[in-house]
Each structure stands twice: as C-alpha cells, then as structure tokens.
Amino acid sequence: MDNIKNKIERLFEGLLWKSRMVTLLPVIFGLLGAFVMFIVASYDIVKVIVYAWNYLILGDHSVDLHSDGVGLIIGAIDLYLMALVFFIFSFGIYELFISEIDTTKSSRQARVLEVHSLDQLKDKIGKVIVMVLVVNFFQRVLHAKFTTPLEMVYLALSILALCLGLYFLHKSSHH
C-alpha cells in the first residue's frame, strides 16, 4: 500500500513540477510584446526624422516639429521603457521558474536582467514602470494648455512630487 502511495505521490509531484512550463507563455508573449513595442517606437523615431527632413530641407512647415516631433519622441521613449519592462519580466519569469540563463553569467551587462527572487523582479519592474509614468506625465504636460496661474502652480507641484518620488526611489535602491 505504501508503495502505491509513494508512486502516486512521485507521479503527482512530477506533474506538478512540470506544470511550471506553463510560465513559458508569458515569457514568449512578453518577448513578442517587447519586440512589437521596439518596432513601433522605432517607427515613431523614423517619422520624426522624416518630419525634420521635410521641415528643414524641403521647407514643409505643415508639421510643428517642436510639439509633434517632441511628442512622438517622448512617446517612443515611453514605448521603449515599456518594452524593457516586458524584457525584464520575461527574463525574470524564465530564470525564476524554468532555468538560469547560462550565457548571462559571462556577461557583465546581463546583471540588469538577472533575477533571484520574485521581490527582486517586482522591484526592477516597478522602477521601470515609475519611469514610464514620469515620461507619460511629461508627454501629457507637453500637450496641455495652461490658462491660469493656479494651473501652473499645480504643474510645478506635480514636477516637484515626481522629483521627490524619484529621489526617494533612487535613495532606497542604494541601501
């Protein structure tokens, strides 16, 4: 009887252990999402280059380079940062649930992708997401119209709050 119980237990534990392979789905789709975001962001940068060429060389002033161009560049930075979130997430999930990536051990630059715990993964992703929010904030501010002095005060306080938040985020990562 104990022999049958041990076999069932080993079979169940083996299946349970192999079920971690389902985490390959977020790894694969996270990488695909990152690639798509890199491509879209790069397309936006190419659009800015074309706008600048048309504006500066061909004399086409139908596009406002300062507003439209800067907005596209900030949007591209936003997408690049989100792509990095997906990369860090994919690498972290893979290393936590599937296997360590052996080729990263010889690379000094791979430390940014190295993850040893779920808390460390959340911390890395959280910091990049905060940067995404900061960039997104500035993208929205770029297109906002301020009409009263109070709105300008709110803008100044918002920027101050962002700076303080980034300061404390940076300070906490050095302790």
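Is Ser-90 buried or exposed? Select that residue first, bearing in mind that the model on screen is predicted: Ser-90 has a relative accessibility of 1%, and because buried means under 20% relative accessible area, Ser-90 counts as buried.

**Ser-90 and its surroundings**

Ser-90 is part of helix α3, and when residues up to four places away in sequence are set aside, Ser-90 touches Pro-26, Val-27, Gly-30 and Leu-31. Display the side chain of Ser-90 together with the backbone of Leu-31, and you will find that this side chain reaches the backbone nitrogen of Leu-31 at 3.3 Å.

**Across to Leu-31**

Select Leu-31 next, which has its place in helix α2. With a relative accessible area of 24%, Leu-31 is partly exposed, and, again not counting residues up to four places away in sequence, Leu-31 touches Phe-87, Ser-90 and Phe-91. For a view along the model, draw a line from the C-alpha of Leu-31 to that of Lys-145: the two residues are 114 residues apart in sequence and 37 Å apart in space.

**The whole of α2**

Now extend the selection to residues 24-56, which make up helix α2. The 33 residues of α2 should span 48 Å at 1.5 Å a residue, and the C-alpha atoms at the two ends are 48 Å apart, so the expected and modelled spans agree. Colour Val-27, Gly-30, Ala-34, Met-37, Ala-41, Asp-44 and Val-48, which are buried in α2, and keep α3 in view, since the buried residues of α2 pack against α3.

**Two tyrosines of α3**

Return to helix α3 and select Tyr-80, which is found there; at 26% relative accessibility, Tyr-80 counts as partly exposed. Leaving aside neighbours within four places in sequence, Tyr-80 is in contact with Phe-38, Ala-41, Ser-42 and Ile-45. A line from Tyr-80 to Tyr-154 joins C-alpha atoms that are separated by 28 Å, for residues 74 apart along the chain.

Then move to Tyr-94, which lies in helix α3 and is partly exposed, with a relative accessible area of 26%. The contacts of Tyr-94, apart from neighbours within four places in sequence, are with Leu-24, Val-27, Ser-99 and Ile-101.

**From Tyr-94 to the loop before α2**

Which distance separates the C-alpha atoms of Tyr-94 and Thr-23? Although these residues are 71 residues apart along the chain, their C-alpha atoms are separated by 7.4 Å. Select Thr-23, whose place is in the loop between α1 (2-18) and α2, and note that Thr-23 is buried, with a relative accessible area of 15%. If residues up to four places away in sequence are not counted, Thr-23 touches Ile-93, Phe-97 and Ile-98.

**The packing of α3 with α4**

For the last stop, show helix α3 (residues 65-97) beside helix α4 (residues 118-142), which pack at an angle of about 170° with their axes 9 Å apart. Since angles over 145 degrees count as roughly antiparallel, α3 and α4 are therefore roughly antiparallel to each other. By class, the contact of α3 with α4 has 19 nonpolar, six polar and two charged residues.

Finally, isolate α4, whose 25 residues reach 36 Å from the first C-alpha to the last, close to the 36 Å expected at 1.5 Å a residue. The residues to colour here are the buried ones of α4, namely Leu-121, Lys-124, Ile-125, Val-128, Val-132, Val-134, Val-135 and Val-141.

Key:
Residues are numbered from 1 along each chain as its sequence is written. This is a predicted model: local features need pLDDT of at least 70, side-chain atom pairs count only at pLDDT 80 or more; totals for chains, interfaces and linings use all residues. Side-chain values use heavy atoms; hydrogens and water are left out. Axes are lines fitted to C-alpha atoms, for helices over the stretch in contact, and angles run from 0 to 180 degrees between N-to-C directions. Helices (H or I, at least four residues) and strands (E, at least two) are DSSP runs, numbered from the N terminus. Angles under 35 degrees count as roughly parallel, over 145 as roughly antiparallel, 65 to 115 as roughly perpendicular and the rest as oblique. Ala, Val, Leu, Ile, Met, Phe, Trp, Tyr, Cys and Pro count as nonpolar, Asp, Glu, Lys and Arg as charged, and the others, Gly among them, as polar. Buried means under 20% relative accessible area, exposed over 50%, partly exposed in between (1.4 Å probe, protein chains only). A polar contact is a pair of N or O atoms within 3.5 Å; within protein, one must be able to donate a hydrogen and the other to accept it, and residues adjacent in sequence count only if both atoms are side-chain atoms. Contact means heavy atoms within 4.5 Å. The expected span of a helix is 1.5 Å times one less than its number of residues.
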